[in-house]
Amino acid sequence: MSESCSGEPHEHGMMGCEEVLVHIQTWIDQQLEDSVSGLVSSHLSRCPVCDSEAQTFIRLKAALQRQRSACDEIVVERLQMFGMRLCRGEIPPPAGTSD
Ligand SMILES: [Zn+2]
């Protein structure tokens with residue numbers, strides 16, 4: 001099942017907005033085949049609508065990644081440090097937890 005073009009035929013090397021938007025996230029992830037990726041890129045260079053859509057996705061993705069990885073690193077690092085110090089007995093048991 002590898003029939004690709006089931007929709008309307010498009011002009012040589014042109015991709016319609018709808019098709020571009022279907023691929024946009026994959027394109028941003030750089031997971032598209034080169035041939036498809038090239039079509040998306042050339043469409044974006046001429047179509048401000050799709051281009052701004054792409055920019056939105058890119059910014060969103062970058063923001064999410066930055067946030068998530070920064071969080072993860074800090075949390076993981078702290079947990080590891082805490083675990084290590086606990087193991088070495090550097091952290092005394094909490095005091096004053098009884099009445
Ligand atoms: Zn477009």
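This briefing describes the helices, the core, the loop residues and the confidence of one protein chain. The model is predicted. The chain contains three helices and zero strands, and its pattern along the sequence reads α-α-α. Of its 99 residues, 10% count as buried.

**Overall organisation**

- Contacts between residues 24 or more positions apart make up 56% of the chain's contacts with a separation of 6 or more.
- One pair that is distant in sequence is Leu39 and Met14, which are 25 residues apart along the chain but 6.4 Å apart in space, C-alpha to C-alpha.

**Helix 1**

- Helix 1 covers residues 17–28 and has 12 residues.
- From its first C-alpha to its last, helix 1 reaches 16 Å, close to the 16 Å expected at 1.5 Å a residue.
- Val20, Ile24 and Trp27 are the buried residues of helix 1. They cover an arc of only 85° around the axis, and therefore lie on the same side of helix 1.
- The cover over these buried residues includes helix 2 and helix 3.

**Helix 2 and Leu39**

- Helix 2 covers residues 34–46, and Leu39 lies in this helix.
- Leu39 counts as buried because 20 other C-beta atoms lie within 10 Å, and the cut-off for a buried residue is 20 or more.

**Helix 3**

- Helix 3 covers residues 48–88.
- At 1.5 Å a residue, the 41 residues of helix 3 should span 60 Å, and the end C-alpha atoms are 59 Å apart, so the two values agree.
- Two of the 41 residues of helix 3 are buried, so this helix lies largely in the open.
- Gly89, just after helix 3, takes a positive phi of about 75°.

**The nonpolar core**

- The largest nonpolar core has nine residues: Met15, Val20, Ile24, Trp27, Leu39, Val40, Leu44, Cys50 and Ala54. Helix 1, helix 2 and helix 3 are the elements that each give two or more residues to this core.
- The core therefore includes Val20, Ile24 and Trp27, which are also the buried residues of helix 1.
- Leu44, a member of the core, touches Cys50, Asp51 and Ala54 when residues up to four places away in sequence are not counted.

**The loop residue Gln30**

- Gln30 is placed in the loop between helix 1 and helix 2, just after helix 1.
- Most residues other than glycine have a negative phi. Gln30 is not a glycine, yet it has a positive phi of about 60°.
- Is Gln30 buried or exposed? Gln30 counts as exposed, because it has 7 C-beta neighbours inside 10 Å and the cut-off for an exposed residue is 12 or fewer.

**Confidence in the model**

- The mean pLDDT of the chain is 82, and 83% of the residues reach 70 or more.
- Among the elements of the chain, helix 2 has the highest mean pLDDT, at 95, and helix 3 has the lowest, at 86.
- Over residues 1–10 the pLDDT stays under 50, and the model has two contacts beyond four places in sequence for this stretch.
- Where pLDDT is low, the predicted coordinates should not be read in detail.

Notes
Residues are numbered from 1 along each chain as its sequence is written. This is a predicted model: local features need pLDDT of at least 70, side-chain atom pairs count only at pLDDT 80 or more; totals for chains, interfaces and linings use all residues. Helices (H or I, at least four residues) and strands (E, at least two) are DSSP runs, numbered from the N terminus. Two residues are in contact if their C-beta atoms, placed from the backbone, lie within 7 Å. A nonpolar core is a set of buried Ala, Val, Leu, Ile, Met, Phe, Trp, Tyr and Cys residues joined through C-beta atoms within 7 Å. The expected span of a helix is 1.5 Å times one less than its number of residues. The arc is that of the directions from the helix axis to the C-beta atoms. pLDDT is the predictor's confidence in each residue, from 0 to 100.
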